[in-house]
Amino acid sequence: MIKNIKYLNKLLFLSFLFFLSCNSDKKNNDNLNGETINLNFPDTLHVNKTYNSELIYSLRLDSIKVNDISSRYVFLHISTKSLQDLSLSEIKKSEYLSYEDIDLSGNIKFQFKFEALGDKVFNAVIEDIIIFKKAPKEGKVKMYTKETSISKDVYIIN
């Protein structure tokens, strides 16, 4: 019986540690695959009103060395229309706006408006383009493009 109590105590302790480790992984909803993304505008908006907002985006690079980069461009593509799929190619098929992070600060100021009432979705894609320096023996230029999709449910009122 004493063996069973010791075994039960160890099992409870290990379960408690496992529970703590699982909860520590939950940081915030604005963190997608290690990238911090923060949109700054309310959930309820007025129809045909232009809103000024900003996106804060982490420019952190995992395995790419800054010294290997020749150029880098970060764009925010926005659509307030209904989309079949939230991707850059789908956004470019509709009416959309594009903004560039000119100084690569990770902060993109933008404007948008909705033209119809009801439940809508704010759709955006961050396009991060990295052009690498040419290797001395290679004549080819390597480019890396990363797309991060963002959607936010909004309600449009008069």
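Start with the whole protein chain in cartoon view: along the sequence it reads α-β-β-β-β-β-α-β-β-β-β. That is 2 helices and 9 strands, where helices (H or I, at least four residues) and strands (E, at least two) are DSSP runs numbered from the N terminus. This is a predicted model, in which local features need pLDDT of at least 70 and side-chain atom pairs count only at pLDDT 80 or more, while totals for chains, interfaces and linings use all residues. Residues are numbered from 1 along each chain as its sequence is written, and side-chain values use heavy atoms, with hydrogens and water left out.

**Stop 1: the surface.** Switch on a surface for the protein chain. Its accessible area comes to about 11300 Å², and 53% of that belongs to carbon and sulfur atoms (Shrake-Rupley method, 1.4 Å probe; for residues, only the protein chains shown count as cover). Of the 158 residues, 29% are buried; buried means under 20% relative accessible area, exposed over 50%, and partly exposed in between (1.4 Å probe, protein chains only).

**Stop 2: the sheet.** Select strands 3, 9, 8, 5 and 6. In that order they form an open sheet of 5 strands with mixed pairing; two strands pair if DSSP finds at least two bridges between them. Strand 3 (44-46) and strand 6 (97-100) stand at the edges with a single partner strand each, so one side of each has no neighbour in the sheet. From one strand to the next, the twist averages 35° (axes are lines fitted to C-alpha atoms, for helices over the stretch in contact, and angles run from 0 to 180 degrees between N-to-C directions). Now zoom in on strand 5 and strand 6, which pair in the antiparallel sense over 4 bridges. Pick F75 and you will find E100 of strand 6 opposite.

**Stop 3: the core.** Select L55, F110 and F122. Within the largest nonpolar core, which has 22 residues, these three touch the most other members. A nonpolar core here is a set of buried Ala, Val, Leu, Ile, Met, Phe, Trp, Tyr and Cys residues joined through side-chain atoms within 4.5 Å. Among the elements giving two or more residues to this core are strand 2 (35-39), strand 4 (51-57) and strand 7 (107-112). Then expand around F122: leaving out residues up to four places away in sequence, its contacts include L39, F41, I78, F110, I150 and V154, a contact being heavy atoms within 4.5 Å. For the chain overall, 68% of the contacts with a separation of 6 or more join residues 24 or more positions apart.

**Stop 4: the charged pairs.** The chain has 5 salt bridges, each a side-chain nitrogen of Lys or Arg within 4 Å of a carboxyl oxygen of Asp or Glu. Visit three of them:

- Show D128 and R72, whose closest N and O atoms are 2.6 Å apart. D128 is in strand 8 and R72 in strand 5, so the pair ties together parts 56 residues apart in sequence. Both residues are buried.
- Next, show D43 and K152, which meet at 3.5 Å, N to O. D43 sits in the loop between strand 2 and strand 3, and K152 in strand 9, 109 residues apart. D43 is partly exposed at 48% relative accessible area, whereas K152 is buried at 18%.
- Finish at K93 and E90, with 3.7 Å from N to O. They are 3 residues apart in helix 2 (residues 88-93), or about one helical turn. Here K93 is exposed at 65%, but E90 is buried at 15%.
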